[in-house]
Amino acid sequence: MRVPNSVVLPVGTHVDCCQKEEVEVKRHDIMAKIVAMLAERKSSLAHFIDNLEGSEEPEFYVDQWERLKEMESCTLTILNLVAVNCTDYRDIRKLEATILEHVKNEELFPEVTRVLPPVYRQVEAAIVDIAQSEEMAGHGMMDLQYLLSKLSQWEHLANLGRELLQDILRYLHRIGLVVWYEEIKHLESTVFLQPTFLITMFKVSVRIRTIFSAG
């Protein structure tokens with residue numbers, strides 16, 4: 001919800017645990033809940049923005065207002081849910097084909113037809129090498145300036161500047177190779193070279209929160 005022009009493909013698993021007629025009912029229910037969630041989010045953002053604009057001293061809340069307006073402008077495209085039986089290889093292939101079909105859709109992903117300068121691929125390959133190197137910490141976090149210095153050690157990237165690197169990181173963030181929250185002040189100087197670590201941490205966080213909530 002924080003990435004501009006995001007595209008989300010919901011995937012429902014454990015189809016093998018449902019009756020055939022249940023699958024469509026559950027699919028419809030999940031999609032309806034997603035639509036309701038997005039509508040509630042839009043309403044909440046508008047409410048918070050109105051409150052800030054109507055405050056007695058709105059100049060003290062400019063930073064908050066700008067962040068909320070930025071979040072409000074982020075569009076989110078939700079595709080139709082794909083239901084799969086993870087124990088059936090044919091369903092996995094069906095999911096793969098569906099993902100590729102959507103990715104090739106130029107209306108959803110205009111970047112697909114974009115011709116990238118060679119330096120984009122060079123930086124991408126170098127970042128992959130750094131992320132897979134033995135010196136890389138398990139969390140995959142790296143300071144932006146330090147990453148620039150590391151990349152500059154490659155002969156063909158010796159003249160790589162910070163501004164160009166930031167442009168390339170925005171692209172790599174959009175395709176999911178790295179995670180870089182440049183809009184968050186406390187994280188703007190940190191690049192996550194291994195997004196899978198973040199996913200694992202989010203899962204642990206959600207699981208702990210769920211356990212405590214249940215207790």
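How many of the 215 residues of the chain count as buried? The share is 27%. Keep in mind as you look around that this is a predicted model.

**Stop 1: the whole chain**

Start with everything shown as a cartoon. The chain has 7 helices and 6 strands. Following the cartoon from the N terminus, you meet the elements in the order β-β-α-α-β-β-α-α-β-α-α-β-α. Now switch on the surface: its accessible area comes to about 15000 Å², and carbon and sulfur atoms hold 56% of that. Contacts are worth a thought too. Taking those in the chain with a separation of 6 or more, 61% join residues 24 or more positions apart.

**Stop 2: a loop near the start of the numbering**

Select His14, in the loop between strand 2 (11–12) and helix 1 (20–53). Its phi is near 60°, a positive value in a residue other than glycine. As background, most residues other than glycine have a negative phi.

**Stop 3: helix 5**

Next, select residues 144–151, which make up helix 5. Show the side chains of its buried residues: Leu144, Leu147, Leu148, Lys150 and Leu151. Turn the view until you look down the axis of helix 5; the buried residues fall within an arc of 160°, so they line one face of the helix.

What do the buried residues of helix 5 pack against? Colour these partners to see: helix 4 (118–132), strand 5 (141–143), helix 6 (162–174) and strand 6 (190–192).

Before leaving, add Asp143, which caps the N-terminal end of helix 5. Draw a distance from its side-chain oxygen to the backbone nitrogen of Gln145, and you should find 3.0 Å.

**Stop 4: the largest nonpolar core**

Now select Val123, Ile127, Leu147, Leu151, Leu160, Leu169 and Leu193 together. Among the 25 residues in the largest nonpolar core, these touch the most other members. Helix 4, helix 5 and helix 6 each supply at least two residues of the core, and helix 4 gives the most, with 7 residues.

Zoom in on Val123. Beyond its neighbours within four places in sequence, Val123 is in contact with Leu151, Leu157, Leu160, Leu165 and Ile168. A separate core of 5 residues lies apart from this one; to find it, select Val23, Ile34, Leu81 and Ala83, which are among its members. In general, nonpolar side chains in soluble globular proteins tend to be buried together.

**Stop 5: two aromatic pairs**

How many aromatic pairs are there to visit? The count comes to 2. Select Tyr120 and Tyr171 for an edge-to-face pair, with 5.8 Å from centre to centre and 65° between the planes. Tyr120 lies in helix 4 and Tyr171 in helix 6, so the pair ties together parts that are 51 residues apart in sequence. Both partners are hidden from the surface view: Tyr120 is buried, with a relative accessible area of 6%, and Tyr171 is buried with 8%. While Tyr120 is selected, add Leu169: 49 residues separate the two in sequence, yet their C-alpha atoms are 9.1 Å apart in space.

For the other pair, pick Tyr181 and Phe192. This pair is also edge-to-face, with 6.3 Å centre to centre and 70° between the planes. Tyr181 sits in the loop between helix 6 and strand 6, while Phe192 is in strand 6, so the pair ties together parts that are 11 residues apart in sequence. Phe192 is buried, at a relative accessible area of 6%.

**Stop 6: strand 6 and the loop that follows**

Stay with strand 6 and select Val191. Is Val191 buried or exposed? Val191 is buried, with a relative accessible area of 0%. Not counting residues up to four places away in sequence, Val191 touches Gly140, Met141, Met142, Leu144, Leu147, Leu169, Val178, Val179 and Trp180. Its C-alpha is 9.7 Å from that of Gln145, although the two residues are 46 apart in sequence.

Finish at Gln194, in the loop between strand 6 and helix 7 (195–214). A polar atom of the Gln194 side chain lies 2.8 Å from the backbone oxygen of Ala131. Leaving aside its neighbours within four places in sequence, Gln194 is in contact with Ala131, Met136, Ala137, Gly138, His139 and Gly140.

Notes. Residues numbered from 1 in each chain as written. Predicted model: local features only at pLDDT ≥ 70, side-chain atom pairs only at ≥ 80, totals over all residues. Heavy atoms only, no water. Buried < 20%, exposed > 50% of the residue type's maximum accessible area, 1.4 Å probe, protein only. Helix = DSSP H or I, 4+ residues; strand = E, 2+ residues; numbered from the N terminus. Arc of directions from axis to C-beta. Contact = heavy atoms within 4.5 Å. Polar contact = N/O pair within 3.5 Å; in protein donor to acceptor, adjacent residues only side chain to side chain. Core = buried A, V, L, I, M, F, W, Y, C linked by side-chain atoms within 4.5 Å. Phe/Tyr/Trp six-rings, centres within 6.5 Å; stacked < 30°, edge-to-face > 60°. Areas by Shrake-Rupley, 256 points an atom, 1.4 Å probe, with all protein chains shown as cover.
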